[in-house]
Amino acid sequence: MRYFILSDIHSNIEALEACVQRAKQAGYDSVLCCGDIVGYGPNPVEAIDGIRQLNAVTIRGNHDRVAAGLDEPTQFNPHARRAVYWTRAALPEPYLDYLTKLPLGPLDITAEAQLVHGALTHEDDYIFTEADADENFQLTDKPLTFFGHSHFPVVFCSEEKGNSLQPISYEFDEFIAVKCESGKKLLINPGSVGQPRDGDPRASFAIWDADRARIEFYRVEYDLTLTQEKMRAANLPGYLIDRLAHGR
Ligand code: ZN
């Protein structure tokens, strides 16, 4: 069984389509999404349609929650807040309803794996450091936890002595694979489809090959100038438009 793992699409349909195309070449059986389908980008309707067409098992992200109106973006910076209000206005009622009904993580996928948006501690928490990872390892017996929110592709592996951080190298064209070892727990971020922040502007995703017990990380180029043009036309904040080109 091969699971195509997506996170943080952020209304970027060009990036989503590029990832789907690459994942089809690589082969997959089912799709999992760690949330933040919308927010920031210019195509929230198309992003939701895309995720639904994939039959993705998906949880909600913080942007999905506030775009749905379940919460107000009081913790958001002014750019993100403006994008939230733009997204709300752009989404027809059935789409807002879809976001409202997305389950809150953690969500069990198999006996081995679960999905969360930010962290097991809270959907809005970030896992950036080994200390963050350690706190989350204490909260689960699952070997695999897929998370998003930070927009950094990364794997944290539980070790007997503390936790070793295994940052994923970005110097690859095809993929890098990380082995799942029995007795160890992994926290895995597939990276962001629609707004990478690790300095590489290419869209990011992962495939979990359950039979081979490994996680494959992929990066794909997409037409980000088209996404930027649409954002300009929608009068979305310049800061959000510029950052796509820098992957920051
Ligand atoms: Zn996000």
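A cavity, as I use the word here, is a set of grid points where a 1.4 Å probe fits but cannot get out, and a residue belongs to its lining if one of its atoms is within 4 Å of a point. The model I am reading is a predicted one.

**Entry 1, the enclosed space**

I began with the interior and looked up how many cavities of 30 Å³ or more the structure holds, and the count is one. For the largest cavity I noted a volume of about 50 Å³. Going round its wall, I wrote down H10, N12, Y40, G41, G194, Q195, T227, M231, L240 and L244 as the lining residues. By class, this lining divides into four nonpolar and six polar residues, with no charged ones. I then asked which helices each supply at least two residues of the lining. They are helix 7, which runs over 224-233, and helix 8, which runs over 238-246.

**Entry 2, the zinc site**

One name in the cavity lining, H10, came up again when I turned to the metal, for the zinc ion is coordinated by H10 through NE2, together with D8 (OD), D36 (OD) and H151 (NE2), at 2.0 to 2.5 Å. Along the chain these donors follow the spacing D-x1-H-x25-D-x114-H. What geometry does the site of the zinc ion have? I recorded it as irregular, with angles of 87 to 175° among the four donor atoms. I also checked accessibility for two of the donors: D8 counts as buried because its relative accessibility is 0%, below the 20% cut-off, and H10 counts as buried because its value is 2%.

**Entry 3, Q228 in helix 7**

Back at helix 7, I stopped at Q228, which is found in this helix. Is Q228 buried or exposed? Its relative accessibility is 9%, so Q228 counts as buried. Leaving aside its neighbours within four places in sequence, I found Q228 in contact with I241, D242, L244 and A245. Of these, L244 is already in my notes as part of the lining of the largest cavity.

**Entry 4, the open pocket**

Next I looked for open space, and the largest pocket has about 320 Å³ in it. Its lining comprises 22 residues, of which N62, H63, Q75, F76 and Y126 are the closest to the centre of the pocket. The elements that give two or more residues to this lining are helix 3 (62-67), helix 4 (78-90) and helix 8. By class I noted six nonpolar, nine polar and seven charged residues in the pocket lining, whereas the lining of the largest cavity has no charged residues.

I then looked at N77, which lies in the loop between helix 3 and helix 4. With a relative accessible area of 37%, N77 is partly exposed, because that value falls between the 20% and 50% limits. For a sense of span, I took the C-alpha atoms of N77 and A26, which are 51 residues apart along the chain and separated by 37 Å.

**Entry 5, A119 in its loop**

A119 has its place in the loop between strand 5 (113-115) and helix 6 (130-137). Although this residue is in a loop, A119 counts as buried, because its relative accessibility is 4%. Not counting residues up to four places away in sequence, A119 touches D125, I127 and N136. I also looked up the pair A119 and L187, which are 68 residues apart in sequence and 9.4 Å apart in space, C-alpha to C-alpha.

**Entry 6, backbone points**

Last, I went through the backbone. The peptide bond from G105 to P106 is cis, with omega near -5°, and P106 is found in the loop between helix 5 (93-101) and strand 4 (107-108).

Two residues other than glycine went into my notes for a positive phi: N55, where phi is near 55°, and H149, where phi is near 80°. N55 has its place in the loop between helix 2 (44-53) and strand 3 (57-58), while H149 lies in the loop between strand 6 (144-146) and strand 7 (154-158). How do they stand in accessibility, buried or exposed? N55 is exposed, because its relative accessible area is 64%, and H149 is buried, because its relative accessible area is 3%.

Notes
Residues numbered from 1 in each chain as written. Predicted model: local features only at pLDDT ≥ 70, side-chain atom pairs only at ≥ 80, totals over all residues. Heavy atoms only, no water. 1 Å grid on protein atoms, 1.4 Å probe; cavity = no way out; pocket = protein on both sides within 12 Å on 5 of 7 lines; lining within 4 Å. Points joined across faces, edges and corners; volume = space filled by probe spheres on them. Nonpolar A, V, L, I, M, F, W, Y, C, P; charged D, E, K, R; others polar. Donors = N, O, S within 2.8 Å, 3.2 Å for Na, K, Ca; no water. Tetrahedral: all angles 85-135°; square planar, octahedral: opposite > 155°, others 65-115°. Buried < 20%, exposed > 50% of the residue type's maximum accessible area, 1.4 Å probe, protein only. Contact = heavy atoms within 4.5 Å.
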